[in-house]
Amino acid sequence: MAEIRLSRVEQGQTKIRNVPIAVTPEGFWCCPSPVVFQKTLKSQNSLNKPKPSSPPPKTATVQKKQIPLAEKKPMTTPIRSAVTSDDQRTFTPDNHGINVPVVPERAPRPKVEHVPRKVAIEFGEPGTSDMKVILLGKQGFCVKLSVHKKVLLEHSSFFTDKLSEQESGLSCLEIDECEDVEIYVETVGLMYCKEMKQRLIKQSVSRVLRILKVAELLGFNPCIQSCLEYLEAVPWVGEEEEEKVVSSVLRLQSEGIGVTPVLKRISSDVANPPNDTISHIMELVLKSNEERGRREMKSIVLKLLRENNNLPSYAGSADICNETVYTSCRSCLDSLLSLFKQAAEPEFADKPMDTKEPVAKQIALEADNLSWLLEILVDRQAADEFAQMWASQHELATLHSKLPIVSRYHVSCITARLFVGIGKGELLPVKDIRQLLLQTWLQPLINDYSWLQHGCRSFDRKVVEEGIGRTILTLPLEDQQSILLSWLGSFLKAGDNCPNLQRAFEVWWRRTFIRPYADAQGNTLQSDSSMTSKQ
């Protein structure tokens, strides 16, 4: 176990205490640990505050006292650290099998003027270093590293370049404005390790990214490779952490460093267009018979497609994806029409329940699939063609009245969603399609309205009624009159079991009976004023 010397900076006798080094989950070093660096930086902030009553600090001299060889412990790591301090600290290693001399803590807190300003660390065998590297951090914090030229030259292109620029006998090198002193020390220490990957295992992703950044600055390629191997194997937790990893790795890629194994987690070289994958996912969801899994995956896929819609880079493949959705729509419509024909046969009503029930479930499933696909198209602002397809389903609408209401009412949810979309301006079919949609599907919707209110959890009566009314009011006035008078007959018979379109009825009434009278009155006033001006 290597030793750490803690020296008291005084003009008198220097006290020395031996403390072993241990690897901790917090960092590579036990002393100086990240806590020591942070406390030193915090204390240095206090030191920098002006104090008018205190005299200017005097230059202190450090006296070293040799330790007898008998007191030294056998070394298990080639690293030694010393902290220049005004108080004594004891650091306990993680390895409880090592006897460590315990120093009782002092009761009084150390004065701010005596907090350590420098940290000295020695690497390798004691007394064998032939070079000093001085790291000057922020706010005057300083770390002096006792290192070996040979190790630096073997591992770091940065130090190789620096030493080649200077004289061959250079024994001290200063590095100014060191942003991350703690990680810089740890990265230099990794140059003395044979198994760097083992040293990184217990580190967090954020800490390894800091090490990777310093290793990149130092041109420490073995460390860069070990960090990349770590990042390739460890999970990235959360989107923020993933973005940090990807940005760091892409920066290395731009410098010609091989990072393909790491990037394979987020990109693929396989020639498989994304739309083929989306089509396969949709097919799996649409064919699923497990209600909970299907419902949850429909919600997830819809949410992810909405996120894709907001990306500018996704606009190029939007048309291809829409074609995929419409292909699924046609397939579901064909299946739904086939099921309606089967359920509308006269002999189907006499079949046993175990034969009729699967057909009814399949009708509900296909209707739910169409509602989901319609929602996707509405989000993508591409549902106009769906409105045309649905308005043209005359055979399906004719068969609708022949089926029991418990089997067919799910289909009316599709009609209701289209009316809501038109009423909100989410889709803009032409006048002929709007008129055809009302002629084909409004009466089936009215017939199922009672079941929709009680059997469909997502059904919102007020929203649907507003959508129907607004759709009607987009038509020419004569068509409004025809549809609303037909609705009035149904409403007077069914009451609450029929959509309440009173608002649309009032608007049509004013358009028909009040505004023409106002226009005629306005024309009369205009003619009277013109006659007065002539006189």
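Let me start with one contact: R207 and E186 form a salt bridge, and the closest nitrogen and oxygen atoms of the two are 2.7 Å apart. R207 sits in helix 6, residues 205-218, while E186 sits in helix 4, residues 181-190, so this pair ties together parts of the chain that are 21 residues apart in sequence. I should say at once that what we are looking at is a predicted model, and I will keep to what can be read from it.

Is this pair buried or exposed? R207 has a relative accessibility of 7%, and because buried means under 20%, R207 counts as buried. E186, with a relative accessible area of 1%, is buried as well. The two residues also belong to something wider, since D180, E182, E186, R207 and R210 are linked in a network of salt bridges. As general background, side chains of opposite charge can pair when their charged atoms come close.

How many salt bridges does a search of the whole structure find? The search gives 21, and I would like to set two others beside the pair we began with.

One of them is in helix 19, residues 461-473, where R470 and E466 lie four residues apart, about one turn of the helix. Their closest nitrogen and oxygen atoms are 2.8 Å apart. Here R470 is partly exposed, with a relative accessible area of 41%, and E466 is partly exposed too, at 37%.

The other is in helix 13, residues 353-379, where E357 and K361 are separated by about one helical turn because they are four residues apart. In this salt bridge the closest nitrogen and oxygen atoms are 3.6 Å apart. E357 is partly exposed, with a relative accessible area of 38%, whereas K361, with 55%, is exposed, because the cut-off for that word is over 50%.

Let me now turn to the surface, where two patches can be pointed out. E239, E242, E243 and E307 gather in a patch of negative charge. Which helix gives the largest share of that negative patch? That is helix 8, residues 239-254, from which three residues come. E242 is placed in helix 8, and with a relative accessibility of 34% E242 counts as partly exposed.

The second patch is nonpolar, and M297, I300 and L304 form it on the surface, with about 240 Å² of accessible area together. I300, to take one of these residues, has its place in helix 11, residues 291-309, and at 37% relative accessibility I300 counts as partly exposed.

Finally, a word on the strands, for which I will use strand 5, residues 131-136, as the reference. On one hand, strand 5 is joined by six bridges to strand 6, residues 142-147, and these two strands run antiparallel. On the other, strand 5 pairs with strand 7, residues 172-175, in the parallel sense, over four bridges. If you would like a residue to follow on the screen, take I134, which stands opposite K144 in strand 6 and which has E174 as its bridge partner in strand 7.

To go back to where we began, please keep in mind the salt bridge between R207 and E186, which ties helix 6 to helix 4, and the network of salt bridges in which these two residues are linked with D180, E182 and R210.

Notes:
Residues are numbered from 1 along each chain as its sequence is written. This is a predicted model: local features need pLDDT of at least 70, side-chain atom pairs count only at pLDDT 80 or more; totals for chains, interfaces and linings use all residues. Side-chain values use heavy atoms; hydrogens and water are left out. Patches are made of residues with over 30% relative accessible area and no salt bridge: like charges are joined within 9 Å, nonpolar side chains (Val, Leu, Ile, Met, Phe, Trp, Tyr) within 5 Å. Accessible areas come from the Shrake-Rupley method with a 1.4 Å probe; for residues, only the protein chains shown count as cover. A salt bridge is a side-chain nitrogen of Lys or Arg within 4 Å of a carboxyl oxygen of Asp or Glu. Lys and Arg count as positive and Asp and Glu as negative; His and the chain ends are not counted. The place of a charge is taken as NZ of Lys, CZ of Arg, CG of Asp or CD of Glu. Buried means under 20% relative accessible area, exposed over 50%, partly exposed in between (1.4 Å probe, protein chains only). Two strands pair if DSSP finds at least two bridges between them.
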